[in-house]
Amino acid sequence: MSFLKHIKPSIQKLEAYTVKSIPPSPDLIKLNQNENPFDLPDSLKREIVEEFILQPWNRYPDVFPAKLIEALSLYTNVPEESIIAANGSNELMYTILMTIVSKGTKVLIPTPTFFLYEKIVNVLEGTLISVPASNDLSFDVESIIATAKKEQPSLIILNSPNSPTGQMLSIAEVEKITSETEAIVLVDEAYIEFADMPTVLPLMQRYDRLIILRTFSKAFSLAGLRIGYLLAQPSVCAELLKPKIPFTVNNFSSAAAVKLMQKKELILERILYIKAQKEYLFNELNGMKGIKVFSSQTNFLIFQVKNDAKILFEKLLSENVLIRDVGSYPMLKNTLRVNAGTEIENRAFLAALKKHL
Ligand SMILES: Cc1ncc(COP(=O)(O)O)c(C=O)c1O
């Protein structure tokens, strides 16, 4: 008898998450995971490591990281009881959905969007309700509300600004969705630091049905150390803490995140650089024949090509330029995604693209 007999059918149907893995090489221009192109300065890394050496490694960290939460509270101006930190925001997506979704629970997700939401809904055997974007890829707010009124989902997940489309909802739109429906509304703000529009944080005081998700993996250059956090009213946090895996924030990552929050100028300087580079990429792509580029409130852009995007993707890779083929997402046929890198990286990407278009 095969072990598969005991594996949940909902899991057997899934595929494991993979990112095209390319052997690390100093020549590789890596623009495929919306990462920050800048590592932390060497001096700052050393400072963090030296402080960490003084800490006991044989002891557990706090169940929930007190120093990090304190620093996040100062940084966000949100009370500590309204913050939960974790090993990346991906972990918190699982925590939030585990708290809300069981078999048949309806979850409304505008598409195309970040793949993980759908995957967790499927793991938990919830019922996915997809609402397609408008033709220009902007959120179809009226359709989201109308569908939510009809289907009565328990949860609506809004990735704003959205990956992979780069589109963003205004505060007024999120408020409309929240006030005109009865669902818990999760707003994933992974890319908020790059946006020209404001966070929905001011709505949190008014709605206990609103949860905001953030990450240190993008603007804060800390993807490798895995820190994410959520903001919600204390009574909501109290429920979310119940299924949460304890001890997932290790002392090292926590110390690094706390240090980074004290380096606001450095972070801001990098955000401005990345935004300027994204603008540069947008203008260049916009001027190329055969390319349709979409505006974006994030650190990345998507662009549609006339011919087979897969072939173009492979050609760029042969030039050591790694971007993302997002052609399998709904509405994104022959579409590629590129994140803003350093000026040198962006120029190399554009040169390779011009050569192979
Ligand atoms: C929409 C979205 N949310 C969250 C994340 C970040 O997750 P984490 O904080 O686990 O690195 C990403 C990264 O790709 C993302 O695109």
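A residue counts as near a molecule here if its C-beta atom, placed from the backbone, lies within 6 Å of it. By that yardstick, 13 residues sit around the ligand in this predicted model. G88, S89, N90, T215 and S217 come nearest. Sorted by class, the shell around the ligand holds 9 polar residues, 3 nonpolar ones and just 1 that is charged.

Stepping back to the whole chain, the domain assignment splits it in two. Domain 1 is built from two stretches, 3-41 and 265-356, while domain 2 covers 42-261. The centres of the two domains, taken over C-alpha atoms, are 22 Å apart. Where they touch, domain 1 puts in 29 residues and domain 2 puts in 31. On the domain 1 side, α1 (9-12), α10 (264-286) and β10 (300-305) each supply at least two residues. Of the contributors to that side, α10 gives the most, with 4 residues. The class breakdown for the side of domain 1 that touches domain 2 is 17 nonpolar, 8 polar and 4 charged residues.

Helix α10 turns up again in a helix pair, this time with α12 (residues 343-356). The axes of α10 and α12 come within 10 Å and cross at roughly 15°. Angles under 35 degrees count as roughly parallel, so α10 and α12 are roughly parallel to each other. The crossing of α10 past α12 is right-handed. From α10, the contact uses Q277, Y280, L281 and E284, and these are joined by E343, N346 and L350 of α12. That contact of α10 with α12 comes out as 3 nonpolar, 2 polar and 2 charged residues.

Next comes the pairing of α6 (residues 141-151) with α7 (residues 171-179), whose axes come within 9 Å and cross at roughly 15°. With that angle, α6 and α7 are therefore roughly parallel to each other as well. Their crossing is right-handed. On the α6 side, the residues involved are V141, I144 and I145, and they meet E173, K176 and I177 in α7. The contact of α6 with α7 has 4 nonpolar and 2 charged residues, with no polar ones.

The pairing of α2 (residues 42-53) and α9 (residues 251-261) has its axes 10 Å apart, at an angle of about 135°. That angle falls neither under 35 degrees, nor over 145, nor in the span from 65 to 115, so α2 and α9 are oblique to each other. Here too the crossing is right-handed, as α2 passes α9. L44, E47, I48, E51 and F52 make up the α2 side of the contact, and they meet N251, F252, A255, A256 and K259 in α9. By class, the contact of α2 with α9 contains 6 nonpolar residues, 3 charged ones and 1 polar one.

A few backbone details round out the picture. Most residues other than glycine have a negative phi, and most peptide bonds are trans. Against that background, a cis peptide bond joins T111 and P112, with omega at about 0°. P112 belongs to the loop between β3 (106-111) and α5 (115-123). Another cis peptide bond links S160 and P161, again with omega about 0°. P161 lies in the loop that runs between β5 (155-159) and α7, the helix that α6 meets through V141, I144 and I145. R226 is the residue to look at for phi: the value is near 65°, which is positive, and R226 is not a glycine. R226 can be found in the loop between β7 (210-215) and β8 (228-231).

How values were computed
Residues numbered from 1 in each chain as written. Predicted model: local features only at pLDDT ≥ 70, side-chain atom pairs only at ≥ 80, totals over all residues. Axes fitted to C-alpha atoms, helices over the stretch in contact; angles between N-to-C directions. Left-handed = near helix turned anticlockwise from the far one by under 90°. Contact = placed C-beta atoms within 7 Å. Nonpolar A, V, L, I, M, F, W, Y, C, P; charged D, E, K, R; others polar. Domains from an automatic or database assignment.
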